[in-house]
Each structure stands twice: as C-alpha cells, then as structure tokens.
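User: I've got this model open and want to check how some of the labels are earned. Can you walk me through the reasoning?

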Amino acid sequence: MEKLKQNYEEITELVFKICYLLLTLATFITVIYASPVQPILVKVSLVLGMVMILIRAIKIRKYAKMPCVILMVLFCLSFLFTAVMNRQYGITENGKWVIWTGIQFFALYVCDVERNPAKYRREFRILSHIMIVCGSLAAVASIVQLFQVYSQFITTADGEFIVTGYTWGRLWGVYTDPNYGAVFSVIVIILSLLFLLQRKGIIRIAYIISIVLNFIYFVYSDSRTGEIAMVVSLGVFLILYISKKKEMSRKLVRFGVPAVLVLCIAAAGFGGMQVMKSQYGKYYSAVSAERAKNQPKQEVKKDNGTAGRKQDIQQDVSNGRFELWQSAVEVWETSPVYGAGYSTFVPYAQEHVPDTYAVNNDQGNYTSMHNTFFNTLAFQGTIGAVLFVLIALRILVYVLLPVLRAQGDDAAELAAMLACTGVVVVSMMFLLDGIYTNSPGSFVLWTFAGYMVRYAYRKRREGSK
C-alpha cells in the first residue's frame with residue numbers, strides 16, 4: 001500500500017511538472033497564447049500545483065529537509081504582507097502571484113530527498129525531451145516565417161498587441177518576445193548537446209537537428225541577452241564536461257585546455273553568426289524588392305529593419321534598462337520596507353512618484369524593471385530583496401562544490417542543469433524571468449535547482465557518515 005501511495009505521488013508530481021512546463025511554453029508561444037488552450041493550462045496547473053503543495057504539507061517532516069524551505073516560506077509571507085499593505089491599489093492579482101510563487105517554490109523546487117535518485121534522473125530526462133521537442137518545433141515554425149519574410153501584428157481578444165514573424169530586424173517567429181525565445185533556444189541547445197554526447201546510434205541525428213534549428217533561431221532573434229547567456233552557460237557546460245573526461249592531474253591542463261577550446265568555438269560561432277545575418281540581409285532586400293514590383297505603393301525597408309534598433313542601442317547601450325533600474329530605486333525609496341507590490345506597482349508609482357521613468361516615458365507604463373533584484377526591491381521592498389538574495393546565495397553555496405565534484409553519469413547531467421540555470425540567471429539580469437512570471441526560464445530555474453539541491457543533500461549526508 002505504501003509503495004502504491006508513493007507511485008501515485010510520483011506520477012502526480014510528473015504530470016504537474018509537464019502541465020506547468022506546457023503552460024509556460026503556451027504563455028510565450030503566440031498561437032497557443034491567443035487560443036483557449038492557455039487558460040485551460042492555467043487552471044490545470046494551478047489545481048495540480050495546489051495538490052502538490054498539499055501533499056508537501058501533509059508530509060512536511062520529509063519535505064522540510066530540503067534546504068531553503070524556511071527562507072522560501074518567509075519570502076512568500078513577505079509577498080503576502082506587501083499585497084495587504086498595498087490593498088488600496090487592488091489585492092487580487094498580487095494574491096494570485098503569491099500562490100504562483102508558492103507553486104514555483106514548493107511544487108517545482110522542493111523534492112523528496114529520500115526518493116531513489118534514478119527516479120529524478122528519469123523525470124529530468126522526460127522533461128528535457130519535452131523541451132527539446134517543443135523548442136525544435138517552435139524553431140522550425142519561426143524559420144519558415146523567416147524565409148517567407150513574414151511579419152504580422154496580432155491583437156488578441158483581450159486587446160493585447162503581439163508581434164510575430166521577422167519584424168524590426170529581429171526574428172520573433174512564433175514567440176511573443178524574441179529575448180525569451182532566444183533564452184529558451186539556448187536551454188534547448190544545452191540539453192540537446194548533453195544527450196548528443198550521452199547517446200549512441202542514429203538517435204544522435206535528432207539532437208544535431210535540434211541544435212541546428214535552435215541555433216538558427218537564436219542567431220536571427222538578435223537577442224543580446226541570449227548571446228550573453230549562450231557564452232556563459234555553454235562555456236560552463238563544455239568546460240565541466242570536457243574536464244571530467246580528461247585523465248590529467250594538473251588543474252591547469254584540466255581546465256585550461258577546455259577553456260581555450262570553448263573560446264575557439266565561441267569565436268567561430270560569432271563569426272558564423274555575422275555571416276548568416278549578412279546573407280539574410282541580402283535575401284531580405286531581394287524579396288522586398290520583388291514584392292515592391294507587385295505592390296508599388298508599399299514602402300520597401302532597404303535597411304532590413306535593423307537601423308532603428310542599432311541607433312537605439314548606440315544612443316543607450318542598456319536600451320532603457322538603466323532608467324528602469326533607477327526608477328526601481330526611486331519607487332523603493334517611497335516604501336523601503338515592503339515595496340509597492342508586483343501587480344500594483346504602476347498605480348502606486350503613478351501616485352507617489354509620477355515623474356519616474358517607469359510610468360513617465362514615450363513607450364508606456366512598465367510593470368517590470370527588467371532585472372530580478374530591482375524588481376524584488378521595488379515590488380517587495382528591503383524585506384523581499386534580502387530574502388531573495390539569501391535564497392540565491394544559499395542554493396549556490398549548497399550545490400556548487402557537490403556539482404563540481406560529481407563523477408560518472410551524474411556529472412554530465414548536473415553540468416547541464418547548472419548551465420541551464422545559468423542561462424536563466426543571465427536572463428533574470430535583463431528580463432522579467434525566474435520569478436513573478438510563468439516562463440520556461442522560471443520552470444527550468446526552480447526545477448533544475450531542486451534537482452541539484454536534492455543531489456547535494458544526499459552527497460553531504462553520505463559524506464557526514
């Protein structure tokens with residue numbers, strides 16, 4: 001009977017994680033986001049997430065062993081406190097995000113430290129292959145739009161404005177934002193590379209195709225966030241993977257040679273990206289000229305739509321982010337203890353600091369400061385920001401040495417998990433990711449962090465015996 005209950009719990013957890021992963025993808029893929037499917041996934045994920053939290057609460061003695069749980073409880077209480085203190089601007093939406101934050105922490109991150117490690121390894125592989133398949137299909141659809149020189153603006157039933165195709169010199173494709181699309185593509189590339197190196201036989205062709213497709217999307221998304229994430233995370237993965245394979249005693253050789261190899265790959269990749277963009281520019285101009293012949297009145301964009309973006313970046317390398325970060329500090333100064341709230345940030349700022357950039361600019365109101373630390377500082381004040389930093393440091397310190405020292409089959413998969421969470425950490429420096437959103441990055445961050453912490457917990461316990 002106990003075994004049956006355990007299997008039921010494991011199956012429920014896997015089904016929840018699959019549903020939540022699909023929800024995050026649906027939220028950032030245009031066709032699904034604008035359809036009735038996305039609201040259904042929201043409801044299913046919410047219900048299953050609450051079920052998982054209930055299971056954790058019932059078996060609290062077992063799940064409380066997971067490091068960082070207390071800090072996460074305090075962070076959620078801080079979020080709730082913020083929502084109550086800013087209730088005059090509306091409490092419902094903030095309340096919803098308290099629940100979603102709890103689901104990310106206690107349903108995705110928290111693991112059963114007593115469960116057989118092989119079962120979590122199987123779960124990791126299932127979820128990774130779902131991401132590989134979905135990422136590759138999204139890349140294919142986006143690449144088709146790229147070669148069709150397709151560009152379209154869509155307005156949803158709720159009046160939300162969505163950009164698709166190759167627009168403004170960037171490949172949005174089927175993603176609602178090319179930055180999130182690029183970040184997810186980097187994650188898929190790392191996971192595909194992991195299984196390419198692990199597997200043998202004809203199946204390896206599928207992983208190669210996935211890498212190529214997602215790399216093409218990554219290049220034409222023109223995402224600087226994606227580029228930084230690619231260099232950092234792929235470098236980490238390759239250095240860790242290659243160093244484990246070399247039977248050499250000197251650390252300089254073990255880590256120096258892989259590092260040089262990674263730099264050579266990065267240089268070649270950067271050069272290849274420039275060639276790809278240059279060649280597409282010529283193709284774009286040719287197609288535009290041909291279409292202009294059939295539609296003479298249509299204006300032809302000879303600069304491939306990139307001039308405006310380049311000019312913006314030259315004028316402000318941060319593309320407005322520095323002003324947003326300053327705005328976060330200005331709002332925080334008016335409520336330093338508990339902040340302005342997430343969903344109530346805009347009305348709060350409009351009342352207390354109406355001249356701040358976030359709500360006083362030519363683009364419209366910003367609900368995110370495009371940096372997780374500044375988001376947390378503005379939304380939850382000093383209490384929330386300190387707690388979030390403590391959570392991040394606690395996880396990093398706890399997992400780093402056990403992951404770096406891992407051997408055998410665990411080493412490669414842990415290296416991939418570390419690299420993928422690194423992708424999300426980079427994304428969190430420039431986008432709304434990891435928290436306050438149901439994104440693929442949020443799923444990867446908390447799920448993979450949970451796997452690594454569970455592994456580190458077992459290794460530390462074995463070492464203490």
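**The sheet and its labels**

Analyst: Sure. In this predicted model, three strands make an open sheet, ordered β1-β2-β3, with antiparallel pairing.

User: What makes β1 and β3 edge strands?

Analyst: β1 (151-155) and β3 (170-173) each have a single partner strand, so one side of each is left without a neighbour in the sheet. As for the twist, it averages 35° from one strand to the next.

User: How do you know that β2 and β3 pair?

Analyst: Count the bridges. The cut-off is at least two bridges between the strands, and β2 (residues 161-167) shares three with β3, in the antiparallel sense. Therefore they qualify as a pair. You can see the register in the model: Thr-167 stands opposite Arg-170 in β3, and Gly-165 stands opposite Gly-173 in β3.

User: And what makes β1 and β2 a pair?

Analyst: Here the bridge count is five, and the strands run antiparallel. With at least two needed, that is a pair too. Across this pairing, Phe-153 stands opposite Val-163 in β2.

User: Which residues take a positive phi in the hairpins?

Analyst: In the hairpin of β1 and β2, with five residues between the strands, look at Gly-159, whose phi is positive and near 85°. In the hairpin of β2 and β3, with two residues between the strands, Trp-168 has a positive phi near 55°.

**Covering and packing**

User: Why is β2 called mostly covered?

Analyst: Buried means under 20% relative accessible area, and six of the seven residues in β2 are buried. That's what earns β2 the "mostly covered" label.

User: What packs on the sheet?

Analyst: Helix α7 (residues 117-147) does, touching β2 and β3. Touching here means heavy atoms within 4.5 Å. The direction of α7 makes about 130° with that of β3.

**One residue of the helix**

User: Phe-147 is in that helix, right, so why is Phe-147 called partly exposed?

Analyst: Yes, Phe-147 lies in helix α7. Its relative accessibility is 47%. Buried would need under 20% and exposed over 50%, so Phe-147 falls in between and counts as partly exposed.

User: How far is the C-alpha atom of Phe-147 from that of Val-287?

Analyst: The two C-alpha atoms are separated by 9.4 Å, although Phe-147 and Val-287 are 140 residues apart along the chain.

Methods
Residues are numbered from 1 along each chain as its sequence is written. This is a predicted model: local features need pLDDT of at least 70, side-chain atom pairs count only at pLDDT 80 or more; totals for chains, interfaces and linings use all residues. Side-chain values use heavy atoms; hydrogens and water are left out. Helices (H or I, at least four residues) and strands (E, at least two) are DSSP runs, numbered from the N terminus. Axes are lines fitted to C-alpha atoms, for helices over the stretch in contact, and angles run from 0 to 180 degrees between N-to-C directions. Buried means under 20% relative accessible area, exposed over 50%, partly exposed in between (1.4 Å probe, protein chains only).
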